[in-house]
Amino acid sequence: MKMLEDKILQCGIVLPGNVLKVDSFLNHQLDVKLINELGKELYSSFLNDNITKILTVEASGIAIACAAAANFDVPVVFAKKGHHENVGNDVYTAEVFSFTKKKSYTVAVSKKFLSADDNVLIVDDFLATGEACFGLKKIVEEAGAKLAGVGIAVEKRFQGGGNTLRKEGVKLKSLAIIDSMTDDSIRFGVDD
Ligand code: 5GP
């Protein structure tokens, strides 16, 4: 999506360790117009997939998930990180290793909010090694729900998670795909 690629080139900062900082528009300060356009694009990609729920993980996936959900007119459920008493004990959980923070954490979703009737679209801001998506996918499976697909703002394809999902036959839509990045250049690829 050209609008997102342009914004990344204009405002993204490549940090050591293959991290792209997008805090001026995507995950700290939010460019709401841009995020609404990302939501519309995800809607057009999954329009015919009978989505009943959007699942993301706190905190940085929530804005994009909400923008998409407004188009589908379905609820967003966000997995909570760590142990939260207010989620209760009746939860689906998964362990996720964060390569940006170099540690594992548990994500939890209350059983109240996912059921076998759901057709779930997983949405997140980034797809890198795929850990976050695999954790959410495990939760969808535990709930007996159907995974309709995965919608991502920025896939760093060189980190492999997207290709694993594709190989598993998951319908994946990444709005920007980065094939390589260095301090002074970001090279985008196309979905193939
Ligand atoms: P994965 O689990 O696919 O390795 O990484 C995805 C998760 O890590 C996302 O939820 C995102 O919050 C975070 N993440 C991965 N790569 C980046 C990055 O380059 N920049 C930022 N800001 N977050 C990232």
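Contact, as the word is used in this report, means that heavy atoms lie within 4.5 Å of each other. The structure is a predicted model, and the report moves from a central helix region through the backbone and the ligand to four individual residues.

## Helix α3 and its surroundings

Helix α3 covers residues 62-72, and its buried residues are Ala63, Ile64, Ala65, Ala67, Ala68, Ala69 and Phe72. These buried residues of α3 pack against one helix, α2 (32-46), and against the strands β3 (53-57), β4 (76-81), β7 (119-127) and β8 (146-156). A view from the α2 side is given by Leu42, which is found in that helix and is in contact, beyond its neighbours within four places in sequence, with Ile64, Ala68 and Phe72, as well as with Val123, Gly151, Ile152, Lys173 and Leu175. Leu42 has a relative accessible area of 0%, and therefore counts as buried. The C-alpha atoms of Leu42 and Lys101 are separated by 27 Å, with their positions 59 residues apart along the chain.

## Backbone features in the loops

Most residues other than glycine have a negative phi, and most peptide bonds are trans. Against that background, two residues and one peptide bond deserve attention. The residue that follows α3 is Asp73, with a positive phi near 60°, and Asp73 belongs to the loop between α3 and β4. Asn50, in the loop between α2 and β3, likewise is not a glycine and has a positive phi, of about 50°. Are Asn50 and Asp73 buried or exposed? Asn50 is exposed because its relative accessibility is 61%, and Asp73 is exposed because its relative accessible area is 69%; the cut-off that this reasoning needs is that exposed means over 50%. The peptide bond from Glu58 to Ala59 is cis, with omega near -5°, and Ala59 lies in the loop between β3 and α3.

## The ligand and its shell

The ligand sits in the largest pocket. The elements giving two or more residues to the shell around the ligand are β2 (19-21), β7 and α4 (131-142), and of these β7 gives the most, with four residues. There are 17 residues around the ligand, and those that come nearest are Leu20, Asp124, Thr129, Gly130 and Lys156. The polar contacts of the ligand with three residues are set out below.

| Residue | Protein atom | Ligand atom | Distance |
|---|---|---|---|
| Asn27 | side-chain N or O | nitrogen | 3.2 Å |
| Ala128 | backbone N or O | oxygen | 2.7 Å |
| Ala132 | backbone N or O | oxygen | 2.8 Å |

Taken alone, the ligand exposes 500 Å², of which the protein buries 88%.

## Three further residues in strands

Lys53 has its place in strand β3, and it counts as buried because its relative accessible area is 14%, where buried means under 20%. Where does the side chain of Lys53 reach? The side chain of Lys53 reaches the backbone oxygen of Phe113, at 3.0 Å. Setting aside neighbours within four places in sequence, Lys53 is in contact with Val74, Pro75 and Val77, with Phe113 and Leu114, and with Asp118, Asn119, Val120 and Leu121. Lys53 and Ser185 are 132 residues apart in sequence, and their C-alpha atoms are 37 Å apart in space.

Glu155 is located in strand β8, and its relative accessibility of 0% is why it counts as buried. With neighbours within four places in sequence left aside, the contacts of Glu155 are Leu127, Gly162, Asn163, Arg166, Leu172, Ser174, Ala176, Ile177 and Ile178.

Phe188 is placed in strand β10, which covers residues 185-189. Apart from neighbours within four places in sequence, Phe188 is in contact with Glu5, Ile8 and Leu9, and also with Ala176, Ile177, Ile178 and Asp179. Ala176, Ile177 and Ile178 thus appear among the contacts of Glu155 and among those of Phe188. Phe188 and Arg157 are 31 residues apart along the chain, and their C-alpha atoms are separated by 9.4 Å.

Notes: Residues numbered from 1 in each chain as written. Predicted model: local features only at pLDDT ≥ 70, side-chain atom pairs only at ≥ 80, totals over all residues. Heavy atoms only, no water. Buried < 20%, exposed > 50% of the residue type's maximum accessible area, 1.4 Å probe, protein only. Near = heavy atom within 4 Å. Polar contact = N/O pair within 3.5 Å; in protein donor to acceptor, adjacent residues only side chain to side chain. Areas by Shrake-Rupley, 256 points an atom, 1.4 Å probe, with all protein chains shown as cover. 1 Å grid on protein atoms, 1.4 Å probe; cavity = no way out; pocket = protein on both sides within 12 Å on 5 of 7 lines; lining within 4 Å. Sits in = over half its atoms within 2 Å of the grid points.
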